[in-house]
Amino acid sequence: MNSAERFLIVDDDITFAQIMQRALARRGFDVDIFNSSESALKGVQKQYYSKAIIDLKIAQDSGLVLIKNLKAISPDLEIIMLTGYSSISTAVEAIKLGARNYLCKPIDIEEILLAFSTKEDNEEVVLPENPTSLDRLEWEHIQKTLQDNDGNVSATARLLGMHRRTLQRKLHKRPVSN
């Protein structure tokens, strides 16, 4: 990679986006941040970007829809999708839509740059030594759904298909470690 490359970061978490921007700028890259899908699409129409780092959920918008729209405007844009709540279905969808890779937060800039620099046809898949446990994935999914429902336990229980008391018991337990 060279310093002529320009990065596009699309994330509604302003602090996270600024940290990423500073880390990339320290490595000599030009970086622009957009906090919404709409502003990112306008930015791509005005400026050429070679690489994009996109969050899966940008406020109320889907990063998956944004990938599709960005690729329509700039087909050669290399995209890495980031998410705090990974799933196999969204990973597959992101890759089908044109993302180069799908990575889970928290992540550091070196991992992102490595994901951009590795060849697409690399058949060597590195699995983490300690993959996230099912209990931990369940805990994270419950927390995400609860957050999406503004802390409403009854609405969250309905969406998760479980009894409200069962959900309350799960919420009173400590977070499960990886």
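What percentage of the 178 residues of the chain count as buried? The answer is 35%. Keep in mind on this tour that the model is predicted.

**The whole chain**

Start with the cartoon view. The chain has 8 helices and 7 strands. Take the contacts between residues with a separation of 6 or more: residues 24 or more positions apart account for 59% of them.

**Stop 1: the largest core**

Select Leu8, Ile54, Leu66, Leu70, Ile79 and Met81. These are the residues with the most contacts inside the largest nonpolar core, which has 22 residues. Next, colour the elements that give two or more residues to this core. They are strand 1 (6-10), helix 2 (37-46), strand 3 (51-55), helix 3 (63-73), strand 6 (78-83) and helix 4 (88-97). Which element gives the largest share of this core? Helix 3 does, with 4 residues.

Now centre on leucine 70. Leave aside its neighbours within four places in sequence, and leucine 70 is in contact with Leu8, Ala40, Leu41, Val44, Ile54, Leu77 and Ile79.

Another core lies apart from this one. That second core has 19 residues, including Ile9, Ile53, Ile109 and Ile112. Such groupings fit a general trend: in soluble globular proteins, nonpolar side chains tend to be buried together.

**Stop 2: helix 1 against helix 5**

Select residues 14-26, helix 1, and residues 109-117, helix 5. Their axes are 10 Å apart, and the packing angle is about 65°. Angles of 65 to 115 degrees count as roughly perpendicular, so helix 1 and helix 5 are roughly perpendicular to each other. Their crossing is right-handed. Show side chains at the contact. Helix 1 brings Met20, Ala23 and Leu24, and helix 5 brings Ile109, Ile112 and Leu113. How do the residues of this contact divide into nonpolar, polar and charged? There are 6 nonpolar, no polar and no charged. Ile109 and Ile112 were also named in the second core, the one of 19 residues.

**Stop 3: helix 3 against helix 4**

Move to the next helix pair. Helix 3 and helix 4 pack at an angle of about 5°, and their axes are 9 Å apart. These two helices are therefore roughly parallel to each other. From helix 3, pick Leu64, Ile67, Lys68 and Lys71; they meet Thr90, Glu93, Ala94 and Leu97 in helix 4. The residues of this contact divide into 4 nonpolar, 1 polar and 3 charged.

**Stop 4: isoleucine 33**

Go to strand 2, residues 30-34, and pick isoleucine 33. Is isoleucine 33 buried, partly exposed or exposed? With a relative accessible area of 24%, isoleucine 33 is partly exposed. Draw a distance from isoleucine 33 to valine 10. The pair is 23 residues apart in sequence, yet 6.0 Å apart in space, C-alpha to C-alpha. Not counting residues up to four places away in sequence, isoleucine 33 touches Ile9, Ala17, Gln18 and Gln21.

**Stop 5: lysine 144**

Select helix 6, residues 134-148, and find lysine 144 within it. Lysine 144 counts as buried because its relative accessibility is 14%, and the cut-off for buried is under 20%. Which residues does lysine 144 touch, not counting those up to four places away in sequence? Lysine 144 touches Lys57 and Tyr85.

**Stop 6: backbone checks**

Switch to the backbone. Most residues other than glycine have a negative phi, and most peptide bonds are trans. Three places to inspect follow.

- Proline 106: the peptide bond from lysine 105 to proline 106 is cis, with omega near -5°. Look for proline 106 in the loop between strand 7 (101-104) and helix 5.
- Alanine 59: phi is near 55°, a positive value in a residue other than glycine. Alanine 59 sits in the loop between strand 4 (57-58) and strand 5 (61-62). At 38% relative accessibility, alanine 59 counts as partly exposed.
- Aspartate 150: phi is positive, about 55°, although aspartate 150 is not a glycine. Find aspartate 150 in the loop between helix 6 and helix 7 (153-160). Aspartate 150 counts as exposed, at 75% relative accessibility.

Definitions and conventions:
Residues are numbered from 1 along each chain as its sequence is written. This is a predicted model: local features need pLDDT of at least 70, side-chain atom pairs count only at pLDDT 80 or more; totals for chains, interfaces and linings use all residues. Side-chain values use heavy atoms; hydrogens and water are left out. Axes are lines fitted to C-alpha atoms, for helices over the stretch in contact, and angles run from 0 to 180 degrees between N-to-C directions. Angles under 35 degrees count as roughly parallel, over 145 as roughly antiparallel, 65 to 115 as roughly perpendicular and the rest as oblique. A crossing is left-handed if the near helix is turned anticlockwise from the far one by less than a right angle, and right-handed if clockwise. Contact means heavy atoms within 4.5 Å. Ala, Val, Leu, Ile, Met, Phe, Trp, Tyr, Cys and Pro count as nonpolar, Asp, Glu, Lys and Arg as charged, and the others, Gly among them, as polar. A nonpolar core is a set of buried Ala, Val, Leu, Ile, Met, Phe, Trp, Tyr and Cys residues joined through side-chain atoms within 4.5 Å. Buried means under 20% relative accessible area, exposed over 50%, partly exposed in between (1.4 Å probe, protein chains only).
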